[in-house]
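Hello,

Here is the structure I promised to pass on to you. Please have a look at it first, and then read my notes below.

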Amino acid sequence: MKRRQIVAGNWKMNKTYEEGRELAQSILNKFVPEETHVIICTPYIHLKSIHNLLKEVSRVALGAQNCHQEKSGAFTGETSPAMLKSVGVKYVIIGHSERRAYFSESDELLASKVDNALAHELRPIFCCGEDLAIRESGTHAQFVENQLKSSLFHLSESAFKNIVIAYEPIWAIGTGKTASPEQAQEMHAHIRQLIKQKYGSEVAESTSILYGGSCKPTNAKEIFGKPDVDGGLIGGASLKAEDFIQIVNSF
Ligand code: PGA
């Protein structure tokens with residue numbers, strides 16, 4: 001089975017309501033539907049209005065950046081998968097390194113977020129990746145393996161088929177320092193091998209594994225050219241329609 005090529009934008013905590021509408025509209029104005037699937041992951045305040053802009057456009061889907069692990073209840077300030085689904089969200093980023101670091105999200109918590117998202121038919125974009133100290137100690141492959149085993153590999157095969165993985169080395173996020181295409185390929189191949197061991201080659205071959213970390217129009221082509229890299233999760237460069245669309249067109 002041919003894997004989906006995906007470019008997902010992660011706006012993080014950027015753009016007011018009006019700015020967000022303008023950005024989404026200018027992405028759509030420049031977007032020419034080809035093979036690539038585009039996902040726009042916005043802050044919660046934009047979801048409904050951007051869903052209204054996107055809903056007629058094929059190959060462009062809406063994503064959120066987080067969800068809560070419980071279905072509903074007294075969790076002030078939080079948002080549930082059912083709420084996200086009700087405004088047209090299809091994907092949700094789970095386990096971004098910023099949430100792991102600044103909001104103390106553990107592997108166990110992320111496993112329950114993954115379960116809750118899947119229970120509401122949202123597709124998790126599950127992030128993994130090591131920091132610089134781990135990379136320099138040479139234990140990055142084992143580290144990422146533990147992240148996947150702790151938060152994803154409890155899933156059944158049919159549930160796992162809904163997962164998109166994003167490998168994001170923390171030392172490359174927002175730093176301007178990208179992993180080399182070879183470093184990305186090496187980790188992506190490792191991740192695919194782990195999926196194969198757990199779920200078999202059909203599932204491994206059909207799982208999209210995205211690269212994230214200072215991906216830009218100038219380096220996307222080379223990174224996406226690697227056989228196990230199926231696209232990107234784009235932070236900074238997703239905030240400019242022109243750069244984002246150039247990355248979308250980098251396959
Ligand atoms: P960056 O962020 O592209 O700004 O490095 C990527 C991410 O954090 O998803």
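**Helix 2 and what it packs against**

The buried residues of helix 2 pack against four elements: helix 1 (17-30), strand 2 (37-41), strand 3 (60-64) and helix 3 (81-86). Before going further, please keep in mind that this is a predicted model. Helix 2 itself spans residues 47-54 and is mostly covered, with six of its eight residues buried. Those buried residues are Leu47, Ser49, Ile50, His51, Leu53 and Leu54.

Between helix 2 and strand 3 runs a loop, and arginine 59 sits in it. Its backbone caught my eye: phi of arginine 59 is near 70°, a positive value in a residue other than glycine. In general, most residues other than glycine have a negative phi. Arginine 59 has a relative accessibility of 34%, so it counts as partly exposed.

**The ligand and its surroundings**

Which residues are closest to the ligand? They are Lys12, His96, Glu168, Gly174 and Ser214, out of 13 residues that surround the ligand. By type, this shell divides into four nonpolar, seven polar and two charged residues.

Three polar contacts are worth finding on your screen:

- Lysine 12 places a polar side-chain atom 2.7 Å from an oxygen atom of the ligand.
- Histidine 96 also has a polar side-chain atom 2.7 Å from an oxygen atom of the ligand.
- Serine 214 takes part through its backbone, where a polar atom lies 2.7 Å from an oxygen atom of the ligand.

On its own, the ligand has 290 Å² of accessible area, and the protein covers 95% of it.

Serine 214 deserves a second look. You will find serine 214 in the loop between strand 7 (209-212) and helix 11 (220-224). Its relative accessible area is 15%, so serine 214 is buried. Like arginine 59, it has a positive phi; for serine 214 the value is near 55°.

**The nonpolar cores**

In soluble globular proteins, nonpolar side chains tend to be buried together. Here, the largest nonpolar core holds 63 residues, and the members that touch the most others are Leu148, Leu152, Phe160, Ile165, Ile191 and Ile195. Helix 9 (residues 181-199) gives the most to this core, with six residues.

Leucine 148 is a good place to start looking. Leaving aside neighbours within four places in sequence, leucine 148 is in contact with Phe126, Cys128, Phe153, Ile165, Ile191 and Leu194. Apart from the largest core lies another one, of 13 residues, including Ala8, Ile93, Ile125 and Ala166.

**In and after helix 5**

Aspartate 115 lies in helix 5. Is this residue buried or partly exposed? Aspartate 115 is partly exposed, because its relative accessible area is 35% and the partly exposed range runs from 20% to 50%. Not counting residues up to four places away in sequence, aspartate 115 touches His154 and Leu155. To get a sense of scale, compare aspartate 115 with isoleucine 27: they are 88 residues apart along the chain, and their C-alpha atoms are separated by 31 Å.

Histidine 120 is in the loop between helix 5 (107-119) and strand 5 (123-128). Histidine 120 counts as buried because its relative accessibility is 17%, and buried means under 20%. Which residues does histidine 120 contact, leaving aside its neighbours within four places in sequence? They are Lys71, Pro81, Ala82 and Lys85.

Enjoy exploring it, and write back with any questions.

Best wishes

Definitions and conventions. Residues are numbered from 1 along each chain as its sequence is written. This is a predicted model: local features need pLDDT of at least 70, side-chain atom pairs count only at pLDDT 80 or more; totals for chains, interfaces and linings use all residues. Side-chain values use heavy atoms; hydrogens and water are left out. Helices (H or I, at least four residues) and strands (E, at least two) are DSSP runs, numbered from the N terminus. Buried means under 20% relative accessible area, exposed over 50%, partly exposed in between (1.4 Å probe, protein chains only). Contact means heavy atoms within 4.5 Å. A residue is near a molecule or strand if one of its heavy atoms lies within 4 Å of it. A polar contact is a pair of N or O atoms within 3.5 Å; within protein, one must be able to donate a hydrogen and the other to accept it, and residues adjacent in sequence count only if both atoms are side-chain atoms. Accessible areas come from the Shrake-Rupley method with a 1.4 Å probe; for residues, only the protein chains shown count as cover. Ala, Val, Leu, Ile, Met, Phe, Trp, Tyr, Cys and Pro count as nonpolar, Asp, Glu, Lys and Arg as charged, and the others, Gly among them, as polar. A nonpolar core is a set of buried Ala, Val, Leu, Ile, Met, Phe, Trp, Tyr and Cys residues joined through side-chain atoms within 4.5 Å.
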